[in-house]
Amino acid sequence: MNETLAGQVECYGVILFTEKFDECVAFYREKLGLPFWYEKEGLCCLRFGAAYLMIESGGAAQDRRKNRSENPTVIRFNVPDVAAAAIMLEAQGIHVETKHHSWGVTGSFTDPDGNVCSLKNADDPFFHDTQM
């Protein structure tokens with residue numbers, strides 16, 4: 001038996017508490033295209049790579065981008081081409097702020113609750129590390 005929690009995990013997941021539940025489900029499912037997994041009363045679970053994103057009610061929305069004290073997490077999407085992904089999202093009415101950093105390119109946008117999502121270029125050597 002593995003002596004660590006990670007050695008016992010069968011599936012990783014992120015739970016996102018939202019106020020605008022229906023709008024957030026539509027955003028992640030329809031606009032971003034996360035595949036539907038299942039739903040129950042008050043929650044919707046979407047596939048998120050090898051993990052899942054569970055959207056639940058009970059959060060607090062903002063009409064603007066939440067700051068780190070309001071939500072200290074970012075939902076990251078590593079993509080091969082940030083500019084192309086940003087153009088695709090912009091065509092759906094999702095504003096993306098693209099930035100070039102010494103460590104890569106990011107594109108920041110928000111969901112209907114004001115939670116921060118981010119694109120990141122996946123050509124970073126980290127994503128090709130055979131030790132992962």
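**Exercise 1: Cysteines**

Task: In this predicted model, is Cys11 buried, partly exposed or exposed, and how many disulfides does the structure hold?

Solution. Start with accessibility. Cys11 has a relative accessible area of 33%. Buried needs under 20% and exposed needs over 50%, so Cys11 is partly exposed. Next, look for a sulfur partner. The structure holds 0 disulfides. For Cys11, the nearest cysteine sulfur belongs to Cys45 and is 7.7 Å away. A disulfide would need the two sulfur atoms within 2.5 Å. Now try Cys44: its nearest cysteine sulfur is again that of Cys45, 7.3 Å away, and Cys44 is in no disulfide. Unlike the partly exposed Cys11, Cys44 is buried, at 1% relative accessibility.

**Exercise 2: The two helices**

Task: Find which residues of helix H2 are buried, and which elements help to cover them.

Solution. Begin with the list: Val82, Ala85, Ala86 and Leu89 are the residues to mark as buried in H2. They span an arc of only 100° around the axis, so they lie on the same side of H2. Then turn the helix over. Ile87, Met88 and Ala91 are exposed, on the face turned away from the buried side. The cover over the buried residues includes E5, E6, E7 and E8. Finish with the ends. At the N-terminal end, Asp81 acts as a cap, with a side-chain oxygen 3.1 Å from the backbone nitrogen of Ala83. Just after H2 comes Gly93, with a positive phi of about 85°.

Task: Repeat the analysis for helix H1: which residues are buried, and which exposed residues does the opposite face carry?

Solution. In H1, mark Cys24, Val25, Phe27 and Tyr28 as buried. Their arc around the axis is only 160°, which means that they share the same side of H1. Asp22 and Glu30 are exposed on the face turned away from that side. Cover for the buried residues comes from elements including strand E1 (13-18), E3, E4, E5, E7 and E8. After H1 you will find Gly33, where phi is positive, near 80°.

**Exercise 3: The core**

Task: Which residues touch the most other members of the largest nonpolar core, and which elements each supply at least two of its residues?

Solution. This core has 23 residues, and Tyr28, Phe109 and Leu119 touch the most other members. At least two residues each come from helices H1 (21-31) and H2 (82-91), and from strands E3 (43-48), E4 (51-57), E5 (75-79), E7 and E8 (116-121). Take Leu119 as a worked case. Beyond four places in sequence, Leu119 touches residues including Val82, Ala85, Ala86 and Leu89, the ones you marked as buried in H2. Phe109 and Thr106 are also among the contacts of Leu119. As general background, nonpolar side chains in soluble globular proteins tend to be buried together.

**Exercise 4: Thr106 and its hairpin**

Task: Where is Thr106 placed, and is it buried or exposed?

Solution. First locate the residue: Thr106 sits in strand E7 (residues 104-110). Its relative accessibility is 9%, so Thr106 is buried. Now pair the strand. E7 runs antiparallel to strand E6 (residues 97-101), joined by 5 bridges. The two form a hairpin with 2 residues between them, and His100 has Val105 as its bridge partner in E7. Last, follow the side chain of Thr106: it makes a polar contact of 2.9 Å with the side chain of His101. Other contacts of Thr106 beyond four places in sequence include Arg76, Glu97, Ser118 and Leu119.

Terms used
Residues are numbered from 1 along each chain as its sequence is written. This is a predicted model: local features need pLDDT of at least 70, side-chain atom pairs count only at pLDDT 80 or more; totals for chains, interfaces and linings use all residues. Side-chain values use heavy atoms; hydrogens and water are left out. Helices (H or I, at least four residues) and strands (E, at least two) are DSSP runs, numbered from the N terminus. Buried means under 20% relative accessible area, exposed over 50%, partly exposed in between (1.4 Å probe, protein chains only). A polar contact is a pair of N or O atoms within 3.5 Å; within protein, one must be able to donate a hydrogen and the other to accept it, and residues adjacent in sequence count only if both atoms are side-chain atoms. Contact means heavy atoms within 4.5 Å. A nonpolar core is a set of buried Ala, Val, Leu, Ile, Met, Phe, Trp, Tyr and Cys residues joined through side-chain atoms within 4.5 Å. Two strands pair if DSSP finds at least two bridges between them. The arc is that of the directions from the helix axis to the C-beta atoms.
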